[in-house]
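Work through the following exercises with the sequence and the model side by side, and try each task before reading its solution.

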Amino acid sequence: MDIAEVVRERRSIRKFKPDPVPEGLLREILAAARWSPSWGNTQPWELYVLSGEPLDRFKTANCARLDEGSAAAPDIRMPEQWTEPLKKRYGAVGKGVLAALGIARDDTKGRTEQTRTMFRLFDAPCLIAACIDKRSSSLEYAMLDVGLITQTICLLAHDRGLGTCIMACAVFYPSALRAVLPDTEDKLLAVGIAVGYPERDAPINGFARERAPLEETVVWVK
Ligand SMILES: Cc1cc2nc3c(=O)[nH]c(=O)nc-3n(C[C@H](O)[C@H](O)[C@H](O)COP(=O)(O)O)c2cc1C
């Protein structure tokens, strides 16, 4: 696919087919994504690819924490509130998801169930957990580098017919994820990427999204 087409067509997938993702395909995608740039070519990302029973265990534990009402304890501070215009844009995603599913804003039960589905990673058969070393001298730039490879993975996956969703809620309760990962005590869990084959006809994978016009985000200095 043409690069501009891949960038434009990739979207967050929130309903996956149960079919497993072939390991060979994931290897190809990850091998290609290694060519993402990073500060001084440090490549600070450490990626864990989860599937099968360990992933099922994590989904169950992640959902259980949510059901218990456990407070989020992410390794990397998450945004708590937004200022405008970010707040409006953030709100539009939630509205888009709920509208696509036909869940009314006052349908507390429906919304809770949808949140639970999210904490089960939308039943994706694969999760890539991106970590960085706790001793990183610049957490901010290591996170930027993680963001770069994350986007590269998502674009390459889309090009190969896979769907992805970058997921903060995969690292909301890091202890639940650590329980299924080997040797992560000295690592910070940065973000997850749910990967799988998309349910193409599912409305939640097709609602319209918006991007701010260039005038809102770009200043030309001549
Ligand atoms: C760092 C990060 C964390 C995200 N976490 C979640 C998440 O926990 N749940 C979710 O449904 N989407 C999550 N998303 C997906 C965003 O909502 C999505 O990228 C955004 O709404 C733009 O839509 P698009 O990806 O379809 O273009 C996350 C995206 C990023 C970059």
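Is arginine 116 buried, partly exposed or exposed, and what is its relative accessible area? Arginine 116 is partly exposed, with a relative accessible area of 21%, where buried means under 20% relative accessible area, exposed means over 50%, and partly exposed lies in between, computed with a 1.4 Å probe and protein chains only.

The model is predicted, so local features need pLDDT of at least 70 and side-chain atom pairs count only at pLDDT 80 or more, whereas totals for chains, interfaces and linings use all residues. Residues are numbered from 1 along each chain as its sequence is written, and side-chain values use heavy atoms, with hydrogens and water left out.

**Exercise 1. Find the salt-bridge partner of arginine 116 and place both residues in the fold.**

Step one is the contact itself: the side chains of arginine 116 and aspartate 67 meet in a salt bridge of 2.7 Å, N to O, the term meaning a side-chain nitrogen of Lys or Arg within 4 Å of a carboxyl oxygen of Asp or Glu. Step two is the location: because aspartate 67 lies in helix α3 and arginine 116 in helix α5, the pair ties together parts that are 49 residues apart in sequence. Helices here are DSSP runs (H or I, at least four residues), as are strands (E, at least two), and they are numbered from the N terminus. Step three is exposure: aspartate 67 counts as partly exposed at 47% relative accessibility.

**Exercise 2. Describe the salt bridge between glutamate 53 and arginine 57.**

The two side chains, of glutamate 53 and arginine 57, come to 2.8 Å, N to O. The residues are four apart in helix α3, which means that about one helical turn separates them. Glutamate 53 is partly exposed at 47%, and arginine 57 is partly exposed at 43%.

**Exercise 3. Describe the surroundings of the ligand.**

Begin with the shell: 14 residues surround the ligand, and the closest are Ser12, Arg14, Ala168, Arg209 and Arg211, a residue being near if one of its heavy atoms lies within 4 Å. Next, take the individual contacts. A polar side-chain atom of serine 12 lies 2.6 Å from a ligand oxygen atom, while a side-chain N or O atom of arginine 211 is 2.7 Å from an oxygen atom of the ligand. At alanine 168 a backbone N or O atom lies 2.9 Å from a ligand nitrogen atom. Taken alone, the ligand exposes 620 Å², of which the protein buries 69%; such areas come from the Shrake-Rupley method with a 1.4 Å probe, and for residues only the protein chains shown count as cover. Finally, strand β3 (residues 163-167) supplies the largest share of the shell, three residues.

**Exercise 4. Locate the unusual backbone geometry at glutamine 43, leucine 121 and proline 85.**

As background, most residues other than glycine have a negative phi, and most peptide bonds are trans. Glutamine 43, in the loop between α2 (23-33) and β1 (46-51), has a positive phi of about 50° and is partly exposed at 36% relative accessibility. Leucine 121 also has a positive phi, of about 60°, and lies in the loop between α5 (108-119) and β2 (126-133), but leucine 121 is buried at 1% relative accessibility. The peptide bond joining glutamate 84 and proline 85 is cis, with omega about 5°, and proline 85 sits in the loop between α3 (52-68) and α4 (86-101).

Key. A polar contact is a pair of N or O atoms within 3.5 Å; within protein, one must be able to donate a hydrogen and the other to accept it, and residues adjacent in sequence count only if both atoms are side-chain atoms.
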